[in-house]
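Colleague: I've just opened this one and would like a close look at a single part, not a tour of everything. Please pick a stretch, go through it slowly, and then tell me about anything elsewhere that picks up the same themes.

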Amino acid sequence: MLPAANSYDIVLDSPLGKLGVQLQDAVIIRLDYLGNRAVLKPATTAPGKQITRQLGSYFHNPHCRFSLPFELRGTDFQLRVWQALTQIPAGKTLAYGQLAARLDSGARAVGNACRHNPVSIIVPCHRVVSASGLGGYSGKTDGREINRKKWLLGHEKALKMPH
């Protein structure tokens, strides 16, 4: 469940729609996709402006590397998966099963951890795919969520998008 709309410190526009960023002590604790009706809320602090710049840089150049401060809150296993996600470079993908093998786990457990990633895009769960296709995104295999995954992978040139 998403936090209330007014709990985001920054709401910015992106090619994927509005993104909400929740901070605690200038550290990102959540980055969520928001509906198009969300009201923009520009960054007013230096860390917030840096976050906005770096996200904008990513949407301009998918190979830019994030150096944003974020804190991941989850189970020990989720933290291991999310840390592993940060090692997958832009333009590359890894199958759920491949990542699971690296972590001595199962593909479903990896997928479940990806589904609960609190800072998608920055921790690139979109780079993990099914052995036979895209897999899911945010727990969904169709609709807006999978279209976001397709866009992100196409943007990174990890997926050939139909014209």
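Modeller: Let's start with a term: I call a residue buried when its relative accessible area is under 20%, exposed when it is over 50%, and partly exposed in between, using a 1.4 Å probe and protein chains only. Before the details, note that this is a predicted model, so local features need pLDDT of at least 70 and side-chain atom pairs count only at pLDDT 80 or more, while totals for chains, interfaces and linings use all residues. Residues are numbered from 1 along each chain as its sequence is written, and side-chain values use heavy atoms, with hydrogens and water left out.

The part I'd pick is strand β2, residues 17-24. Strands here are DSSP runs of E with at least two residues, helices are runs of H or I with at least four, and both are numbered from the N terminus. Seven of the eight residues of β2 are buried, so the rest of the structure largely encloses this strand.

β2 has a partner on the N-terminal side in β1, residues 10-14, with five bridges joining the two in an antiparallel arrangement. Pairing, by the way, takes at least two DSSP bridges between two strands. β1 and β2 make a hairpin with two residues between them. For a concrete contact, look at aspartate 13, whose bridge partner in β2 is lysine 18.

Now follow β2 on to β3, residues 27-33. These two also run antiparallel, joined by six bridges. Valine 21 stands opposite leucine 31 in β3, and glutamine 24 faces valine 27. β3 has five of its seven residues buried, so it too is largely enclosed by the rest of the structure.

What sits in the loop between β2 and β3? Aspartate 25 does, in a hairpin with two residues between the strands. Aspartate 25 has a positive phi of about 55° although it is not a glycine. With a relative accessible area of 72%, aspartate 25 is exposed.

That backbone feature turns up again at aspartate 104, another non-glycine with a positive phi of about 55°. Aspartate 104 is found in the loop between α3 (96-102) and α4 (107-115). Its relative accessibility is 74%, so aspartate 104 counts as exposed.

Back in our stretch, there is a charged pair: arginine 30 and aspartate 32 form a salt bridge, their closest N and O atoms being 2.8 Å apart. By salt bridge I mean a side-chain nitrogen of Lys or Arg within 4 Å of a carboxyl oxygen of Asp or Glu. Aspartate 32 is buried at 6% relative accessible area, whereas arginine 30 is partly exposed at 23%.

Searching the whole structure gives three salt bridges. One of them joins glutamate 71 to arginine 73, at 3.1 Å between the closest N and O atoms. Both ends of that pair are partly exposed, glutamate 71 at 37% and arginine 73 at 43%. Another brings together the side chains of arginine 127 and glutamate 156, at 2.9 Å from N to O. Arginine 127 lies in the loop between α4 and β5 (128-129), and glutamate 156 in the segment after α5 (143-155), so this pair ties together parts that are 29 residues apart in sequence. Arginine 127 is buried at 8% relative accessibility, and glutamate 156 is buried at 1%.
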